[in-house]
Amino acid sequence: MAGGAASGGSSQSDTYAGARVWLLLPAWATLLILVVAPVGIMLVYSFLTKEFRGGVIWEFSWEAYDQFFFNRGLFGDEPPRIEWTYILIFWRSIWQAGVATLLSLAIGFPTACFIATRAPRQRPIWVFLVTIPYWVNLLIRTVSMKFLLRDNGPLNEALLGIGVISEPLHIVNTNLAVQLGLFYSYLPFMVLPIYAAVERYNFSLSEAAADLYAPRWTVLRRILLPAVKPGIVAGCILVFVPSLGSFLAPDLLGGARNFMIGSLIEEQFKGNAGNWPFGAAASMILLTLVLIILLFSARQQGRQEAR
Amino acid sequence: MNTSTTDAIDIRDAVKRYGDFTALHSVSLSIRDNEFFTLLGPSGCGKTTLLRMIAGFEDVTEGAIFLFGEEIEKLPPHKRPINTVFQNYALFPHMSVLENVGFGLEMLGHPMQEVRKRAGEALEMVQLSQFAARKPAQLSGGQQQRVALARALAPRPKVLLLDEPLSALDLKLRKAMQIELKHIQRDTGITFIFVTHDQEEALTMSDRIAVMSSGELQQLGDAREIYEQPRNTFVADFIGETNLLPVTVDEVQGGRAACHLPGGQTLTCDASAGVARGARVHLSLRPERVIVAAQPGVESLKATVRENIFVGTDITTIVDLAGGEEFRIRTSNSDRGRARIFEPGAGVFLNMEQGAARLLTD
Ligand SMILES: Nc1ncnc2c1ncn2[C@@H]1O[C@H](COP(=O)(O)OP(=O)(O)O)[C@@H](O)[C@H]1O
Ligand SMILES: [Mg+2]
């Protein structure tokens, strides 16, 4: 029942049926070249045999997936045990990306509401201000973040200066640093979709709820949040997904102990030490994970609309 | 006034400023319990502002508002036992019609079973029971309007505010809703404060009307008073149709004032307060209270017929007074009325009914 209504298909007129094929061609071509082809290549590579100096041997093999999930001892002759190393890296990545997403939501939602409630002429200026830092390359921003958070960096100096702390905080090379880095990298992707949703929100609904005896927080929870939920979901996906596969912030801010999937995959394709099929398999597993999350949220949305 | 504590709403010297723009200039109003009260005025005169101050969405710059004797202007909207029917309905799009109507009762903490029962009753009152499970988007404009009404009525507020609730409906539906609203008000006994810019709607529905203009209260009274004894030219002109003629007062004696028009014609009528000799004032004459005739009556003006316009139930005759001013007369489209119609170009007399002419000083 929910699935059927979710599509909400509106039947279009067939006046342009002939032209539509041609009009859609660029879109299909783009999808084919930029999505289907790379994913297809990756899928194929993940089932090939590794070549020792990078690259692959064209011979079918499960080995990459086997290596990801199972440990058969150093020489591959022991009975298989679950290999936790990579699962843990995945789990850490999900956790880090999740915390970064929640941080972005906590800061991004009020920011978006703030912008959406400014006078219409001021809003583009605020949106512009939010996006300004993103004109600078991500690498440079992440390095600057490291400078900011260093033991003798401006943040610690300032906190020491006003006497909040007596010892510098060790933030760099911790999970927190990675979370802050990811949060900072992707914050606009949270702010902008929520802003778009809140801007479309009809604030007289909030007045109507207050008029009907709803206190402030109830208005927020029962009226505003359901109305802007699509924007929140979009923002969370747009922050969570790239955070999950990110390697810059974990590498630069997290140090060796806070390895994430992105770095793991990156390693496999770098220099001669890599393992291409393994990297491809890890990417496929990551992709599957992301798809499951997207499908799940799409289903939730659909159910909401059908109700 | 010593009756103020029993008034449903008592507004005392309320001022509203937005920056250096004054939207309301010291408005004082008392609205009685059980009353169908209308705020009437042209667009931008401050009706919505006043309503939003009563509901609590706008703070009061100066002055006070009392609800049954209790001062409320500092209370947030959710603490005021007042509900609003919004002009754009403001129905919650993600809730069903029944959930919308039950929302206020739910917020007041009634058990869900009672919420559903009373919301159902409110829906029944507006004849929408069969749509309880629908979403607002699946209803027509008129139905949404009635859901908004049921939602505001369900918690049984002490006062119901309605901001131009019928303006988005087509004429036929609007007329039907006017009657329905009036019945609901009478049956529930809830005080209604109704906002409209449509004078005909105000005259049809209201127990009392407050006419507003540019943030000021112009006149307060029942439909008849406002129509027949307008206090100034604004009210005379805004309510119904009228002929406003500039006149100069020549003589005031025994409650009667003799005056002359710019063209020199003279006329005597009841003097209103503040009319003195030499004053330049306006004469208001309703088109239906003047009779076109071949012979002069007790009080008459000379005129020449310009044209007759057939408007269904009535015929409007446009004439030129001897001084050149345009003047309109409305005659009912009956046998008796048609007998009083003259051909264009005919010289005629405009005979005033007793008390038809009214002198207005501002
Ligand atoms: N938030 C506001 N800021 C500035 N001026 C406002 C605001 N709200 C209303 N006004 C002004 O106050 C006046 C009265 O408005 P309103 O009460 O909406 O009139 P009405 O409902 O009678 O059409 C208008 O001139 C309007 O421009
Ligand atoms: Mg208004």
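These questions and answers look at ligand 1 and at B:Glu35 in a predicted model.

Student: Which element gives the most to the shell around ligand 1?
Tutor: Start with the elements that give two or more residues to this shell. They are strand E2 (21–31) and helix H1 (47–55) of chain B. The top contributor gives three residues, and that is H1(B).

Student: How do the residues of the shell around ligand 1 divide into nonpolar, polar and charged?
Tutor: The shell includes B:Tyr18, B:Phe21, B:Gly44, B:Lys47 and B:Thr48. Lys counts as charged, and Gly counts as polar. The full shell divides into five nonpolar, five polar and one charged.

Student: An oxygen atom of ligand 1 is 2.5 Å from an N or O atom in which side chain?
Tutor: Set the backbone aside first. A polar backbone atom of B:Cys45 is 3.2 Å from an oxygen atom of ligand 1, and for B:Gly46 the distance is 3.0 Å. The side chain at 2.5 Å belongs to B:Thr49.

Student: Is B:Glu35 buried or exposed?
Tutor: B:Glu35 sits in the loop between E2 and strand E3 (36–40) of chain B. Its relative accessibility is 5%. Buried means under 20%. Therefore B:Glu35 counts as buried.

Student: With which side chain does the side chain of B:Glu35 make a polar contact?
Tutor: Look beyond the neighbours within four places in sequence. There, B:Glu35 is in contact with residues including B:Gln185, B:Phe192, B:Asp207 and B:Arg208. The polar contact between side chains has a distance of 2.5 Å, and the partner is B:Arg208.

Note on methods: Residues numbered from 1 in each chain as written. Chains lettered and ligands numbered in written order. Predicted model: local features only at pLDDT ≥ 70, side-chain atom pairs only at ≥ 80, totals over all residues. Heavy atoms only, no water. Near = heavy atom within 4 Å. Polar contact = N/O pair within 3.5 Å; in protein donor to acceptor, adjacent residues only side chain to side chain. Helix = DSSP H or I, 4+ residues; strand = E, 2+ residues; numbered from the N terminus. Buried < 20%, exposed > 50% of the residue type's maximum accessible area, 1.4 Å probe, protein only. Contact = heavy atoms within 4.5 Å.
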